[in-house]
Amino acid sequence: MKVTLKIHRFNPETDTEPHYDTFTIEANPNDRILDCLNKVRWELDSSLAYRMSCAHGICGSDAVSINGTPALACQKLIKDYSSSQTILIEPLKFFPNVKDLIVDLQPFFKRIKSIQPERPAQTSTVPLEKERLQTPEERARIDDAVKCILCGCCVAACPVILEQEQRFIGPAAILRAQKYIFDSRASDSVERMHVLEKPYGIWGCKSYYMCTLVCPKNIKVTEQIIKTKKKIIHELHPSKQVGEL
Ligand code: FES
């Protein structure tokens with residue numbers, strides 16, 4: 001079958017504005033969008049720039065916007081877009097565009113760093129004498145967050161990022177903090193909850209559920225954020241009522 005891709009292009013060395021190029025290729029309904037991008041680059045335009053690595057939904061590097069929705073190009077098939085005459089492929093929204101489909105991830109990792117992921121290593125002064133075991137139930141509390149591959153899809157889908165002019169910490173960083181806050185081996189969950197309460201932190205989340213809808217690892221991101229909010233209210237503000245979260 002013939003497939004037409006409309007791809008966002010921007011070369012900072014030659015372009016002042018982005019534009020779109022359209023490519024029509026021969027593809028199978030079971031081909032992945034990543035296969036199509038490879039075909040365009042290998043056979044039609046070797047200058048097309050995009051990221052990829054594992055090609056199996058593990059590294060998160062090929063996150064792009066496909067027909068307006070963030071997704072991993074290696075996870076989406078042509079037949080997923082069979083109702084579209086043309087498949088629109090763009091860089092992730094809210095991320096500065098570097099070239100074609102490549103975005104600058106520094107602002108994203110700045111958000112992650114704002115929840116102080118390095119904190120346990122800095123504050124742990126007591127040498128461990130033995131392995132700290134967890135029960136299956138304790139491990140299950142952080143299962144979702146452990147699955148996160150930091151692809152950025154949730155941030156690109158989050159309406160609050162736009163509403164708060166990109167100052168909101170975003171779902172990926174809150175999910176990472178949830179991992180530390182609910183980890184039975186951690187001793188600094190109270191400090192971590194205070195960090196999440198900073199301006200543009202966890203209370204910015206309005207539970208739009210877009211992060212959950214687009215997550216390529218099927219993580220219940222919004223549910224984990226709500227659980228974290230409830231824990232913060234319970235432990236830091238016990239006199240407050242838990243309303244709609
Ligand atoms: S290339 Fe690694 S997740 Fe798609």
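**Exercise 1.** Leaving aside its neighbours within four places in sequence, with which residues is I174 in contact?

*Solution.* The model is predicted: local features need pLDDT of at least 70, side-chain atom pairs count only at pLDDT 80 or more, and totals for chains, interfaces and linings use all residues. Residues are numbered from 1 along each chain as its sequence is written.

Step 1. Two residues are in contact if their C-beta atoms, placed from the backbone, lie within 7 Å.

Step 2. With neighbours within four places in sequence left aside, the partners of I174 are I169, L196, I202, C205, I225 and T228.

**Exercise 2.** Which residues of the largest nonpolar core touch the most other members, and which helix gives the most to this core?

*Solution.* Step 1. A nonpolar core is a set of buried Ala, Val, Leu, Ile, Met, Phe, Trp, Tyr and Cys residues joined through C-beta atoms within 7 Å. A residue is buried if 20 or more other C-beta atoms lie within 10 Å of its own, exposed if 12 or fewer, and partly exposed in between, with C-beta atoms placed from the backbone.

Step 2. The largest such core has 61 residues, and C153, C154 and I174 touch the most other members. Helix α8 (residues 171–181) gives the most to this core, with seven residues. At least three residues come from each of domain 1 (2–103) and domain 2 (106–236), the bounds being those of an automatic or database domain assignment.

**Exercise 3.** How many residues of domain 1 are in contact with domain 2, and which strand supplies the largest share?

*Solution.* Step 1. In domain 1, 16 residues are in contact with 14 residues of domain 2.

Step 2. On the side of domain 1 that touches domain 2, β3 (63–66) and β4 (69–72) each supply at least two residues. Strand β4 provides the largest share, four residues. Helices (H or I, at least four residues) and strands (E, at least two) are DSSP runs, numbered from the N terminus.

Step 3. Within β4 lies T69, which is partly exposed because 15 other C-beta atoms are within 10 Å. The C-alpha atoms of T69 and C153 are separated by 8.6 Å, although these residues are 84 apart along the chain.

**Exercise 4.** Which way do β3 and β4 run, and which residue stands opposite A63?

*Solution.* Step 1. Strands pair if DSSP finds at least two bridges between them. Four bridges join β3 to β4, and the two run antiparallel.

Step 2. Opposite A63 stands L72 in β4. A63 and S65 point one way from β3, V64 and I66 the other way, and all are buried.
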